[in-house]
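Colleague: Please put the model up. I have a list of short questions, and I want the terms explained as we go.

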Amino acid sequence: MVDFSFLNEPYYFSMCLYVVGALSFPLHLFAAYCILFQSPATMKHVKWVMFNLHFWNSYLDLTISTFSQPFIIPPVFGGFFLGFFSKIGVNISLQVYIMVTLLMMVAVATTAIFENRFYIMFADHTWWSWGRVFFYLINYSLALLYFVPTVIQIPDQTVARLAIFELYPQVRHFDTPEHEIFVVAYDMEVREYIGYRQLISLGVIIIQGLAFLIILHCNISMSTRNMTISKTTLKMQRMFLNAVYMQIAIPAIIMIVPQIILNVLGYLYMNSPEMNSLAYMFMSIHGASASVIMLYFHAPYQEFCAKLFCRRFHSKPKIEVNFLNSSGTEGITPL
């Protein structure tokens, strides 16, 4: 059985995250280059929403692995940060706000991909052309303001740390002059309020994504029955959506499963600092996994990578598509 007890030490945990960040950073840059400069003209309508999601994924990855490096100490609702931001004196409350806000930004950017498909295909000349402006304004405002109430309510640290040490004396040895434990909330009512708000926000994002998916598929089915959409365009749209599903689903699993495990272990009073450290290391690669999946499943990027890294490249048969089509999904590799 693998021994992860070394992750109980902040120094080794920090070193592991720096390694993850050093390996991920070139991949993030390469994926960004592919989106910006290797996307064909027929993908112009989807390029920027894909780059938007990639940007927030990458920023969140690097925040966890390099900039902040959260060392969470259960059962305390807090811990300390070990990364670059702490070394240059960035306020800890600001680091907490940045990390949580980035999680919300990733969720909003994910929803934006499905909204973009619906708008380009079916709502370009409808009232939604104006409605989507307010939709994005509200979503991004909520993402930016989501954690503000918690930051405002962060308690006086002298009082909070004394309360935490009285409630959980076993965590006192983690508190050192070099890394003082930072308590986000110690009052149970505040902690429950944060938890409920998180569940509601996550539920809103999930409902939005599902709503656009259902509307999109219903409109595709109606267009197919009414013969207002060509078989080629229909096939390409479905292949594009399948590729996006993979691009979103696998990183989401990498991000969500560790949090579910941590919550279950927390309820069973079996959670530990090394389990938290392992979970955050796992979550720090979610953006890198999204980049790899994107480069593999989307044909323009796959072909560019094959030409760049493979000595012998045999191009695959391509489906010729009318370039006047504004769907922006031509050239997507089927799953």
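Modeller: A cavity is a set of points on a 1 Å grid, over the protein atoms alone, where a 1.4 Å probe fits but cannot get out. Its volume is the space filled by probe spheres set on the points, which are joined across faces, edges and corners. This is a predicted model: local features need pLDDT of at least 70, side-chain atom pairs count only at pLDDT 80 or more, and totals for chains, interfaces and linings use all residues. Residues are numbered from 1 along each chain as its sequence is written, and side-chain values use heavy atoms, with hydrogens and water left out.

Colleague: How much space lies in the largest cavity?

Modeller: The whole structure was searched, and 1 cavity of 30 Å³ or more turned up. The space in the largest cavity is about 30 Å³.

Colleague: Which helices each supply at least two residues of its lining?

Modeller: Lining residues have an atom within 4 Å of a point. Here they are L53, H54, N57, Q247, A290, S291 and M294. Helices are DSSP runs of H or I, at least four residues long, numbered from the N terminus. At least two lining residues each come from α2 (44-67) and α11 (286-297).

Colleague: How many of the lining residues are charged?

Modeller: Asp, Glu, Lys and Arg count as charged. Ala, Val, Leu, Ile, Met, Phe, Trp, Tyr, Cys and Pro are nonpolar, and the others, Gly among them, are polar. The lining has 3 nonpolar, 4 polar and, of the charged kind, no residues.

Colleague: Which strands stand at the edges of the sheet?

Modeller: Strands are DSSP runs of E, at least two residues long, and two strands pair if DSSP finds at least two bridges between them. The chain has 12 helices and 3 strands. An open sheet runs in the order β1-β2-β3, with antiparallel pairing. One side of each edge strand is left without a neighbour in the sheet, because each has a single partner strand: these are β1 (70-72) and β3 (182-183).

Colleague: Which residue of β3 does G79 stand opposite?

Modeller: Strand β2 (residues 78-81) runs antiparallel to β3, and 2 bridges join them. Opposite G79 stands F182.

Colleague: Which helix gives the largest share of the largest nonpolar core?

Modeller: A nonpolar core is a set of buried Ala, Val, Leu, Ile, Met, Phe, Trp, Tyr and Cys residues joined through side-chain atoms within 4.5 Å. This core has 79 residues, and F13, V171, I181 and Y301 touch the most other members. The largest share, 18 residues, comes from helix α4 (residues 92-122).

Colleague: I92 is in α4. What is its relative accessible area?

Modeller: I92 touches F81 and F182, leaving out residues up to four places away in sequence; contact means heavy atoms within 4.5 Å. I92 and F182 are 90 residues apart in sequence, but 7.8 Å apart in space, C-alpha to C-alpha. Buried means under 20%, exposed over 50%, and partly exposed in between (1.4 Å probe, protein chains only). So I92 counts as partly exposed, at 27%.

Colleague: Is Q95, also in α4, buried or exposed?

Modeller: Q95 touches F67, S68, F81, F85, S86 and V90, not counting residues up to four places away in sequence. Its relative accessible area is 0%, so Q95 is buried.

Colleague: How far apart in space are A112 and V49?

Modeller: A112 sits in α4 and is buried, with a relative accessible area of 2%. Beyond its neighbours within four places in sequence, A112 is in contact with V49 and Y136. V49 is 63 residues away in sequence, yet C-alpha to C-alpha the two are apart by 6.7 Å.

Note on methods. On a 1 Å grid over the protein atoms alone, a cavity is a set of points where a 1.4 Å probe fits but cannot get out, and a pocket is an open set with protein on both sides within 12 Å along at least five of seven lines; lining residues have an atom within 4 Å of a point.
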